[in-house]
Amino acid sequence: MIKYLKQIGFAPRSCVWELTLACNLNCKHCGSYAGAPRDSELGKEELLRVADELADLGCRRMTLSGGEPTLNPSWDDIGRRLSQRGVRTNLISNGWRWDEEHIQRAKDAGLVSAAFSLDGFASEHDLLRRTGSFDRVVSAIDTTIARGLPVAVNTTISKLNQHMFWKLRDFLIEHGVFSWQIQVATASGSMSDNQDLMVPPEDFLSLVSCIADMCRLNTRKFNVRPSDDIGYYGNTESALRGGNNELPFWIGCRAGCQVVGIESNGNVKGCLSLPSSRHGETRFVEGNLRDESLRVLWTRMNAFAYNRQFDEGNLGGFCRVCRYRDFCRGGCTWTQYVQGGTGNPYCFYYQAVRQGRTELLDEEPTDVEAAYFKKLDASTG
């Protein structure tokens, strides 16, 4: 499938841009250790220059992120520059300090929407984030919608909320939210210290099926959008991906192919979620925008090699024998990294084969796939 991505061309069509790593919350599941700003974050003029570079390279969709992006005083200036250059731009906030002024600044900057993080109802959300944050974010949602700016919501799956997704869906619809992205909490960043809050991989058969059922009810007024770390093949795949992609199934991680992430100090990665200095990792950083332009970093030979020069031999565990390995390439690159290159147990297909739930699959497992788990059971049992 990497051949298909090469044919349509490598261009940073979608970007998530960390404007600052400063944050006014201390979330237990934060993958980037947000709180204090990074050393030597980009200034306003540098940010505007990078905005132009993104537009020149064909960026079409932008999410301004953090940390808490509104703690960068130039957040709306960056949004305005991107919007003026034809980039559909939104912002994701924790809602703690969001008020009428922020709404007006977002509208004046031409942002197409605002997104807020909501990880359950009051007890669950506040436990993960900060006491009182649920009331603040719901107020932010309601006020923003009332002022005419569309609102999306992001939710991270944890043990605290894994059984309440239908109730959350009803809640969001009642409040006028138009889009809901659901993503997986993995043992990275702050969550590595709170792994007791993570959902066991074997529970993802029922979770993914639930999310797929919600996707089947999508309308123009409200849609559920599973993140790229959810799913992979089986009878849920067309529901999960049919409405959001060129093809109705997972075609592999697009980090460094059609997606780019930018850190607040100018470091460039294929995806903002991939680890870097705060995780003691450097392999995913392609360079810094103070040293070279985005065009140079993006077009350099061997850039983003983990995806653009994908080699099946680098896959580990079940992914190495999986029938979909050429298309899937191991699923979400971040999840692969967290698992230490031993495969992706959060994969729907992995768990369906592992648990013998062949009724959830479009095809019977291959002999090699079935043999993998028999051997694994024999070695652990």
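This is a short talk on how some strands and helices pair and pack in one structure.

Hi everyone, and thanks for coming. A word before we start: what you see is a predicted model. I'll take the strands, then the helices.

Let's begin with strand β6, residues 179–184. What does β6 pair with? On one hand there is β5, residues 151–157, which runs parallel to β6 and is joined to it by six bridges. On the other there is β7, residues 223–226, and that pairing is also parallel, this time over four bridges.

If you'd like a residue to click on, try Gln-181. In the pairing with β5, Gln-181 of β6 stands opposite Asn-154. In the pairing with β7, Gln-181 stands opposite Arg-225. So you can follow Asn-154 to Gln-181, and then Gln-181 to Arg-225. While you have the strands on screen, a general reminder: in a regular strand, side chains alternate between the two faces of the sheet.

Now, how does the chain get from strand to strand? Between β5 and β6 comes helix α7, residues 165–175, and the three make a right-handed β-α-β unit. Between β6 and β7 comes helix α8, residues 204–215, and here too we have a right-handed β-α-β unit.

On to the helix packing, with α3, residues 75–84, as our guide. Its partner α4 covers residues 100–108; the two pack at an angle of about 25 degrees, with axes 8 Å apart. Angles under 35 degrees count as roughly parallel, so that is what we call α3 and α4. Their crossing is right-handed.

Which residues meet there? From α3 we have Trp-75, Asp-76 and Arg-80, and from α4 His-102, Arg-105, Ala-106 and Asp-108. Sorted by class, this contact of α3 with α4 has four charged residues, two nonpolar and one polar.

Helix α3 also meets α2, residues 44–56. The axes of α2 and α3 come within 9 Å and cross at roughly 25 degrees, and therefore α2 and α3 are roughly parallel as well. The crossing of α2 and α3 is right-handed. On the α2 side, the contact uses Lys-44, Leu-47, Leu-48, Ala-51 and Asp-52; on the α3 side, it uses Asp-77, Ile-78, Arg-81 and Leu-82. The class count for α2 with α3 is five nonpolar, four charged and no polar residues.

That's my tour, so over to you for questions!

Key. Residues are numbered from 1 along each chain as its sequence is written. This is a predicted model: local features need pLDDT of at least 70, side-chain atom pairs count only at pLDDT 80 or more; totals for chains, interfaces and linings use all residues. Side-chain values use heavy atoms; hydrogens and water are left out. Two strands pair if DSSP finds at least two bridges between them. A crossover is right-handed if, with the strands pointing away from the viewer, the path from the first strand over the helix to the second runs clockwise. Axes are lines fitted to C-alpha atoms, for helices over the stretch in contact, and angles run from 0 to 180 degrees between N-to-C directions. Angles under 35 degrees count as roughly parallel, over 145 as roughly antiparallel, 65 to 115 as roughly perpendicular and the rest as oblique. A crossing is left-handed if the near helix is turned anticlockwise from the far one by less than a right angle, and right-handed if clockwise. Contact means heavy atoms within 4.5 Å. Ala, Val, Leu, Ile, Met, Phe, Trp, Tyr, Cys and Pro count as nonpolar, Asp, Glu, Lys and Arg as charged, and the others, Gly among them, as polar.
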